[in-house]
Structures are given as structure tokens and as C-alpha cells.
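Work through the exercises below with the sequence and the model side by side, and try each task before reading its solution.

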Amino acid sequence: MLTPLQVGQFRALGFLKLEGCLTPEEVADFEAAYERLIADAPAYDYFEDNIGAPSRGTRVQRNGPEQDDTFARFIEHERILEAQRDIFGRPCLYHGGGELWMNMSDTPWHSDVLGDPERDPDFYTIKAGFYLDAMDVNSGSLRVIPGSHFPAYGQALLDECGYKEGGLRPRLQLEDPPGAVAVATQPGDVVLFDTRIWHAAPAREGGRRTVFIGYVPDPEDSPVRQEQVRALIQSFPYNDHLVETAGPLRQEMIARLRALGIGEEKALL
């Protein structure tokens with residue numbers, strides 16, 4: 001369970017590090033699953049093709065949970081789900097991701113989802129970032145601009161210091177934005193961050209081994225929020241195998257998604 005201070009930090013700053021979230025045994029299992037999946041991951045040349053950065057051998061494997069049962073178990077890691085329950089004030093739902101990165105490049109400043117002032121401020125998504133290497137300010141750690149998940153601040157940064165790459169992807173042209181902080185991590189730490197926050201990461205010698213899994217708050221009985229969730233999750237995030245091998249926590253999330261009309265088997269709301 002998070003303390004009120006931790007909940008306040010996330011809501012005010014837009015991120016929270018769960019130190020030692022994974023046990024040493026879980027780190028070993030997670031790392032082994034990562035190495036199995038990343039071994040045949042395709043090259044990721046986006047940075048080279050779109051922003052002129054040199055290709056350094058970055059690779060990404062998508063849909064990791066569908067390919068490895070050990071990896072899939074971490075979707076429903078109890079401490080991660082409990083932390084989000086404390087932050088959201090209600091349960092969360094897995095909405096996809098499970099991306100594994102061997103990132104050899106500098107990741108530029110960007111926002112995954114730029115905040116919309118007209119949108120429900122309590123409706124946002126969280127990424128859980130798993131870091132398999134020790135990283136600090138000098139060795140590839142996640143960098144964030146605290147508070148930039150608030151729509152007015154996030155938009156001001158874009159207006160004054162950024163652009164939308166290809167008309168879509170929000171980028172900042174600053175290398176060292178004012179107020180940016182580095183989130184140092186050790187293997188087993190998990191960083192939760194609001195996907196609206198501006199963030200980046202410098203290249204790390206030997207690469208950055210990271211994994212990202214996405215969550216959304218349960219809309220409960222609000223018709224507006226239910227529609228927001230349906231608009232966000234365009235396809236059911238669990239394949240047949242994940243459904244067949246589901247434990248109690250996954251079964252709960254699967255049932256809830258289907259009750260919301262997401263997936264092949266739809267139930268009445």
C-alpha cells in the first residue's frame with residue numbers, strides 16, 4: 001500500500017518509483033524472460049528514419065505477454081496493481097503494451113499522450129517501466145519534467161519549446177529542459193508514470209534493457225469514462241492463450257473488459 005505522501009507525489013509530479021518492487025527471484029525470472037524475447041526482436045529504426053539520429057542497433061519486441069508465460073505473469077503483479085489502485089482510487093485494467101526494448105539510442109524528449117484541457121482530468125493512463133540495469137543521471141536513466149502531465153504545463157512546453165513530429169508526435173527541442181530530473185533505478189525497481197508527462201532517456205553504454213506495460217483506471221459506473229475506455233482499447237489485449245492460462249487477477253480484468261463491451265465476447269453493461 002502506498003503512503004499518502006507517495007500518492008501525493010505521483011499526482012503532483014506525474015511519476016513514482018517503487019523501489020525494490022520485484023524480489024531478487026522475480027528479477028531473475030523477469031530477466032530470463034526478457035532475454036528469451038529480445039533475442040529475436042526486430043530492429044527499430046524509427047529514430048534514424050524520422051529524426052536523423054544515427055542507427056545504433058536498437059531493437060524492440062512487442063506483445064511480450066502473448067509470447068512468454070513467465071513474462072505475462074508480471075501484468076498482474078500485485079504490488080503494481082495495488083499502487084495504481086491507491087493512485088486512481090479504484091482498480092486498474094491492463095490495456096496493452098508489454099513492449100521490451102534494447103535501446104541503444106538517445107530517446108528524445110516526448111509525451112506519449114499530450115493532455116487535453118477539455119478531457120476529464122481524472123482519466124489518464126499509467127505506464128509501468130521495468131528497468132533491468134542500474135542506471136543514474138550519467139548512465140541512461142529515465143528523465144522527466146515533474147508536473148508536465150498537467151495539460152496547461154504540457155501544452156506550454158510544446159508551444160514554447162517543441163513541435164509535433166509528422167504533425168502527431170509531441171517533441172521538445174530542448175536538450176536539458178528546466179526542472180528536469182533523472183530517476184535513478186536499480187534492477188527490481190518499477191517506475192509508474194502518467195503517460196502525459198514529458199520524458200526522455202539518454203543512451204547507455206551497452207544499451208538500456210527496459211519493459212513497458214500500460215494500464216487505465218476502471219471507469220466504474222460512469223458512462224462517460226466507460227466510453228473513454230472503449231475508445232482507448234480498440235482491440236482486446238488478451239489473446240486466447242492468456243485467457244486460458246489466467247489466474248484470479250487476470251480473470252477479474254478480463255471479465256471487466258468484456259463487461260465493458262471490449263473483446264469478442266460482449267456482455268450488457
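Three exercises on this predicted model follow, each with a worked solution.

**Exercise 1.** Determine how confident the prediction is along the protein chain, and where the pLDDT is below 50.

Solution. Begin with the whole protein chain, which averages a pLDDT of 90, with 93% of the residues scoring at least 70. Then look for the exception: over residues 265-269 the pLDDT is below 50, although this stretch has eleven contacts in the model beyond near neighbours in sequence. Where pLDDT is low, the predicted coordinates should not be read in detail.

**Exercise 2.** Assess how compact the protein chain is for 269 residues.

Solution. First list the elements, which are ten helices and twelve strands. Next take the radius of gyration, 18 Å, which is close to the 18 Å given by the globule rule for 269 residues, so the protein chain is as compact as a globular protein of that length. Finally, turn to the contacts between residues at least 6 apart in sequence, of which 82% join residues at least 24 apart.

**Exercise 3.** Locate the nonpolar cores and describe the surroundings of Tyr238.

Solution. Start from burial: 50% of the 269 residues are buried. The largest nonpolar core has 51 residues, and those with the most contacts inside it are Phe130, Leu192, Tyr215 and Tyr238. Helix H2 (residues 24-38) contributes the largest share of this core, six residues. Apart from this core lies another, of 13 residues, including Tyr44, Trp101, Met135 and Val183. Now return to Tyr238, whose contacts, leaving aside neighbours within four places in sequence, include Ile75, Tyr94, Val243 and Leu257, and also Glu76 and Arg250.

Note on methods
Residues numbered from 1 in each chain as written. Predicted model: local features only at pLDDT ≥ 70, side-chain atom pairs only at ≥ 80, totals over all residues. Heavy atoms only, no water. pLDDT = per-residue confidence, 0-100. Contact = heavy atoms within 4.5 Å. Core = buried A, V, L, I, M, F, W, Y, C linked by side-chain atoms within 4.5 Å. Buried < 20%, exposed > 50% of the residue type's maximum accessible area, 1.4 Å probe, protein only. Helix = DSSP H or I, 4+ residues; strand = E, 2+ residues; numbered from the N terminus. Rg over C-alpha atoms; globule rule 2.2 N^0.38 Å.
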